[in-house]
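Let's take a walk through a protein model together. Keep the picture open while you read, and look for each residue as it comes up.

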Amino acid sequence: MKSKFNNLIIQCDARLIDAIELIKDNRTRCVIVCMKEKVIGVISEGDILRALLANTDIHAPLEGWVSHDFKFLSSQDYQQALNLMIEYAITIIPILNNNFELVDVISSKDILAKVSLIKEH
């Protein structure tokens, strides 16, 4: 994976505590879960809260708490990303190629930056 996504990506064999630390650092409220180079899902603060409420140890594997029905795009379409963010209350949209490899990410911060630029003009 590209290094610019290191704070957004976690491997599927990681632990809940690893996801918690990444989410704390990246401030997007979730991380993208990969199996080697392939994106297989996301895990959010909500998923982690559900795990903790089920008395899952924070050192337990992510497995079982990953959302595999995540939203993604195949191109960098900010309007479509905004629509998905609003409809599903999510903060990042992975941009994937046909092999489900991460190409880019659109975050709510990116959307807000675009809106800020529009207001300046």
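Start with Asp 47, which sits in helix H2. One thing to keep in mind as we go: this is a predicted model.

Is Asp 47 buried or exposed? Its relative accessibility is 7%, and buried means under 20%, so Asp 47 counts as buried. The Asp 47 side chain has a polar partner, too: it makes a contact of 2.6 Å with the side chain of Arg 50.

Now widen the view to the whole of H2. Its buried residues are Asp 47, Ile 48 and Ala 51. Looking down the axis of H2, you'd find these buried residues within an arc of 100°, so they line one face of the helix. Swing around to the other side of H2 and you meet Leu 49 and Leu 53, which are exposed.

Leu 49 deserves a second look. This residue belongs to H2, the helix that covers residues 45–53. With a relative accessibility of 52%, Leu 49 counts as exposed, because the cut-off for that word is over 50%. Leu 49 also joins Leu 52 and Ile 58 in making a nonpolar surface patch of about 240 Å².

What about the inside? In soluble globular proteins, nonpolar side chains tend to be buried together. Here, the largest nonpolar core has 15 residues. Those with the most contacts inside this core are Ile 10, Leu 16, Ala 19, Val 31, Val 33, Ile 43 and Leu 62. Helix H1, strand E2, strand E3 (38–44) and H2 each supply at least two residues of the core. Which element gives the largest share? That would be H1, with 4 residues.

Next up, charged pairs. The structure holds 5 salt bridges, and the table shows three of them, with the distance between the closest N and O atoms.

| Salt bridge | Closest N and O atoms |
|---|---|
| Arg 15 and Asp 18 | 2.9 Å |
| Lys 24 and Asp 25 | 3.2 Å |
| Arg 29 and Glu 45 | 2.9 Å |

Take the pair of Glu 45 and Arg 29. Glu 45 lies in H2, while Arg 29 is in the loop between helix H1 (16–26) and strand E2 (30–35), so this pair ties together parts that are 16 residues apart in sequence. Glu 45 itself is partly exposed, at 31% relative accessibility.

How covered are the other pairs? Arg 15 is partly exposed, with a relative accessible area of 34%, and Asp 18 also counts as partly exposed, at 22%. Lys 24 and Asp 25, on the other hand, are both exposed.

Last stop: helix H3, which runs over residues 78–88. At its start, a side-chain oxygen of Asp 77 reaches to within 3.1 Å of the backbone nitrogen of Gln 79. Which residues of H3 are buried? They are Ala 81, Leu 84 and Met 85. Seen down the axis of H3, these fall within an arc of 100°, so they line one face of the helix. The face turned away from that buried side carries Ile 86 and Glu 87, which are exposed. Just after H3 comes Ala 89, with a positive phi of about 55°.

Conventions
Residues numbered from 1 in each chain as written. Predicted model: local features only at pLDDT ≥ 70, side-chain atom pairs only at ≥ 80, totals over all residues. Heavy atoms only, no water. Patch = residues over 30% accessible without salt bridge, like charges linked within 9 Å, V, L, I, M, F, W, Y side chains within 5 Å. Areas by Shrake-Rupley, 256 points an atom, 1.4 Å probe, with all protein chains shown as cover. Salt bridge = Lys/Arg side-chain N within 4 Å of Asp/Glu carboxyl O. Buried < 20%, exposed > 50% of the residue type's maximum accessible area, 1.4 Å probe, protein only. Arc of directions from axis to C-beta. Polar contact = N/O pair within 3.5 Å; in protein donor to acceptor, adjacent residues only side chain to side chain. Core = buried A, V, L, I, M, F, W, Y, C linked by side-chain atoms within 4.5 Å.
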